[in-house]
Amino acid sequence: MNRIDKKFKELKKLKQKALIPFITCGDPNLETTKKMVLEFSKIGADIIELGLPFSDPVADGPVIQAASGRALKNKITIEKVLKLVKDLRKKTQVPLCLMTYYNPIFNFGLDKFAKLAQVCGLDGVIIPDLPPEEAKELIKAARINNLATIFFLSPTTSYKRIKLIDKSSRGFIYYVSLTGVTGIRKNLPNNLINNLSKIKKQLSRPLCVGFGVSKSGQIKKITKFSDGVIVGSAIVKKIEDNLKNKNLINIVSNFIRDLAKVAHQDN
C-alpha cells in the first residue's frame, strides 16, 4: 500500500472525496512549483499531479500546452522533476503522481525511471498515450518499485476494456469526462453522471474524473458518483493569468481551497 492507497482509505472513512490538482512543473519555475505543492498539501489537496512538460502533449488543450512551452524554456527534465519530488518528501507526505507521455520515460529507461521514482518518493505515474495493452514492461517495473500505474477510461471504452484497465491500474482510475483534450468547460457532458454510475459498479479501484472539471458545482455533482476529481486547466490558467503577480501562490491556493471544501463535503 503506497500513499495513494492510504489516502483513499482515509477519505473513505471520512466520507470525503479526493481533490487532485494538476500543475506543470517549472511553470513559472521549479522553486514556485515546490512552494505551490507544499501549500496545496496544507489547504486540502489530497493527491497532486505533477506535469512533466513535453513538446507534443497530444491529450492537452491550449492552456496546458502553453504551460508546457513555458516550462520547457526552463529546461525541465525527468531528473529535475524527480529531484523536486525528493526535496518535497523532506517536508510533505502528500501523494504525488507524475503525468507525462511515454516518450520521455521510454528514452530515460523504464527500469531506471521506476527505481529512481521510488527512491525519490513518487507514488504514481499517468501516461495518456500508453494503453495498458502496450504497458506490460512499465507495469512490471512499477510493481517492483511500488509505483502506481494509473490508466484511463473514457465515454467510449468497451466493457471488455473496462475490466482490463481495472486490472492494470493501481492507485486510481482516471475517467476522461469527454471525448477531446483537456480544457476548461462551462458544462460537462449530459451523459457523464449516467456513465459514472454504470462504470463505478464494475471497478475495484477508486474512480476519479478529469478533463473539463473547473467549478465547485461540477465537483458537487461528480463526487456523488466517483471517488474524486482532477482539476488541471483551470488551475494552470490561474497560474498563467498571475505569472507576474507576487501573490501568485496565494491566488491559486485560495482557488484550490474552495474546490477542496466541496470535495470534502459529506458524501
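**Sheet, helix packing and voids in the predicted model**

In the predicted model, Leu-50 has Leu-98 of strand 3 as its bridge partner. This bridge belongs to the pairing of strand 2 (residues 48-51) with strand 3, which is parallel and runs over 4 bridges. Leu-98 also stands opposite Val-125 in strand 4. The pairing of strand 3 with strand 4 (residues 124-126) is again parallel, here over 3 bridges.

Strand 3 spans residues 96-99 and is covered on both faces. Leu-96 and Leu-98 are buried on one side. Cys-97 and Met-99 are buried on the other. In a regular strand, side chains alternate between the two faces of the sheet.

These pairings form part of an open sheet of 9 strands. The strand order is 5-4-3-2-1-9-8-7-6, with parallel pairing. Strand 5 (148-150) and strand 6 (152-153) stand at the edges. Each has a single partner strand, so one side of each is left without a neighbour in the sheet.

Strand 9 (residues 228-231) is likewise covered on both faces. Gly-228 and Ile-230 are buried on one side, and Val-229 and Val-231 are buried on the other. Strand 1 (residues 18-24) pairs with strand 9 in the parallel sense over 4 bridges. Here Leu-19 stands opposite Val-229. Strand 8 pairs with strand 9 as well, in the parallel sense over 2 bridges. In that pairing Cys-208 stands opposite Gly-228.

Strand 8 (residues 207-210) also pairs with strand 7 (residues 173-176). This pairing is parallel and has 4 bridges. Within it, Leu-207 of strand 8 is the bridge partner of Ile-173.

Helix 7 (residues 136-144) has a buried side and an exposed side. Leu-138, Ile-139, Ala-141 and Ala-142 are buried. They cover an arc of only 165° around the axis, which puts them on the same side of helix 7. An α-helix has 3.6 residues a turn, so residues three or four places apart point the same way. On the other side of helix 7, Lys-136, Glu-137, Lys-140 and Ile-144 are exposed. The buried residues of helix 7 pack against three elements: helix 6 (110-120), strand 5 and helix 8 (159-168). Asn-146 follows helix 7 and has a positive phi, near 55°.

Leu-138 of helix 7 also appears in the lining of a cavity. The count of cavities of 30 Å³ or more comes to 2. The second largest cavity holds about 40 Å³ of space. Its lining consists of Val-125, Ile-126, Ile-127, Leu-130, Leu-138, Thr-149, Ile-150 and Phe-151. Strand 4 and strand 5 each supply at least two residues of this lining. By class, the lining has 7 nonpolar residues, 1 polar residue and no charged residue. Val-125 thus recurs in the model: this residue of strand 4 stands opposite Leu-98, and Val-125 also lines the second largest cavity.

The largest pocket has a volume of about 420 Å³. Its lining comprises 18 residues. Phe-8, Lys-9, Lys-12, Pro-206 and Asp-227 lie nearest the pocket centre. Helix 1 (residues 3-14) gives the most to this lining, with 5 residues. The lining of the largest pocket divides into 6 nonpolar, 4 polar and 8 charged residues.

Arg-257 was examined separately. Arg-257 is found in helix 12 (residues 248-263). Its relative accessibility is 26%, so Arg-257 counts as partly exposed. Beyond its neighbours within four places in sequence, Arg-257 is in contact with Glu-39 and Ile-43. Arg-257 and Ala-66 are 191 residues apart in sequence. Their C-alpha to C-alpha distance is 24 Å.

Note on methods: Residues numbered from 1 in each chain as written. Predicted model: local features only at pLDDT ≥ 70, side-chain atom pairs only at ≥ 80, totals over all residues. Heavy atoms only, no water. Pairing = 2+ DSSP bridges. Buried < 20%, exposed > 50% of the residue type's maximum accessible area, 1.4 Å probe, protein only. Contact = heavy atoms within 4.5 Å. Arc of directions from axis to C-beta. 1 Å grid on protein atoms, 1.4 Å probe; cavity = no way out; pocket = protein on both sides within 12 Å on 5 of 7 lines; lining within 4 Å. Points joined across faces, edges and corners; volume = space filled by probe spheres on them. Nonpolar A, V, L, I, M, F, W, Y, C, P; charged D, E, K, R; others polar.
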